[in-house]
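Me: I have a new structure open in front of me and would like to learn how to read it. Could you take me through some of its features step by step?

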Amino acid sequence: MARVLYLVVCAAPPARAISEPIGLLQAKNWTVCVIATPSATEWIDSHSLAEQTGYLVRHDYQPDGSDSLPHADAIAVAPATFNTVNKWVAGTSDTFALGLLNEAIGLRLPILAESRPDQETVTRVSVIRISAARCTMKAVAITAATRLTR
């Protein structure tokens, strides 16, 4: 049975190539559901990603409260932007993506956040705070999200 990964995509240049790590994860028997931050919807091709994953790209709560996604076994954030990481650290849940990330901490789901290499120093303090919540933060390229395939 395939494991389910929620892939939270933030608005940054690596988001444009998010289909590559999705393909690698699928080859390792992961079912991938893309959750985009509101700004990331402008950086990705939601229709193509929905075709690739079999699930609509979600960026907002469902108005009727229904959940069209299977339960996640893990969550990855790639690319994890400075804005999203710092809102997450503060416990802000003003978007669907942040709400899922905050909920995942309470559910003790494995979380891997991958920032852009040029943001390593600006996210260091946030990384320490997130690590205390049992999450893993790495400052590497987006393709490192495939670490989940091991």
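Me: At what angle do helix α1 and α2 pack, and how far apart are their axes?

Reply: Before the answer, a word on the ground rules. This is a predicted model, where local features need pLDDT of at least 70, side-chain atom pairs count only at pLDDT 80 or more, and totals for chains, interfaces and linings use all residues. Residues are numbered from 1 along each chain as its sequence is written, and side-chain values use heavy atoms, with hydrogens and water left out.

Now the general idea: helices (H or I, at least four residues) and strands (E, at least two) are DSSP runs, numbered from the N terminus. Axes are lines fitted to C-alpha atoms, for helices over the stretch in contact, and angles run from 0 to 180 degrees between N-to-C directions. Here, α1 (residues 19-27) packs against α2 at about 5°, and the axes are 11 Å apart. That makes the two helices roughly parallel, a label for angles under 35 degrees (over 145 is roughly antiparallel, 65 to 115 roughly perpendicular, and the rest oblique).

Me: Which residues make that contact?

Reply: Contact means heavy atoms within 4.5 Å. From α1 come S19, I22, G23 and Q26, and from α2 come L49, Q52 and T53. Sorted by class, the contact has 2 nonpolar, 5 polar and no charged residues. For these classes, Ala, Val, Leu, Ile, Met, Phe, Trp, Tyr, Cys and Pro are nonpolar, Asp, Glu, Lys and Arg are charged, and the others, Gly among them, are polar.

Me: Is T53 buried or exposed?

Reply: Buried means under 20% relative accessible area, exposed over 50%, and partly exposed in between (1.4 Å probe, protein chains only). T53 has 10% relative accessibility, so it counts as buried. Leaving aside residues up to four places away in sequence, T53 touches I22, Q26, V32 and V34.

Me: How many aromatic pairs does a search of the whole structure find?

Reply: Rings of Phe, Tyr and Trp (its six-membered ring) pair if their centres lie within 6.5 Å; planes under 30 degrees apart are stacked, over 60 edge-to-face, and the rest tilted. The search finds 1 such pair. Y61 and F96 meet edge-to-face, 5.1 Å centre to centre with 80° between the planes. The pair links distant parts of the chain, 35 residues apart: Y61 is in the loop between α2 (46-53) and β3 (74-80), while F96 is in helix α4 (residues 96-107). Y61 is partly exposed at 45%, whereas F96 is buried at 6%.

Me: Which residues other than glycine have a positive phi?

Reply: N29 has a phi of about 70°, and R108 has one near 60°. N29 sits in the loop between α1 and β2 and is partly exposed, with a relative accessible area of 44%. R108 belongs to the loop between α4 and β4 (111-115) and is exposed at 59%.

Me: Where is there a cis peptide bond?

Reply: Look at the bond from A78 to P79, where omega is near -10°. P79 is part of strand β3.

Me: What pattern does the protein chain follow along the sequence?

Reply: The chain has 5 helices and 5 strands, in the pattern β-α-β-α-β-α-α-β-α-β. Of its 150 residues, 45% count as buried. Among contacts between residues at least 6 apart in sequence, 75% join residues at least 24 apart.
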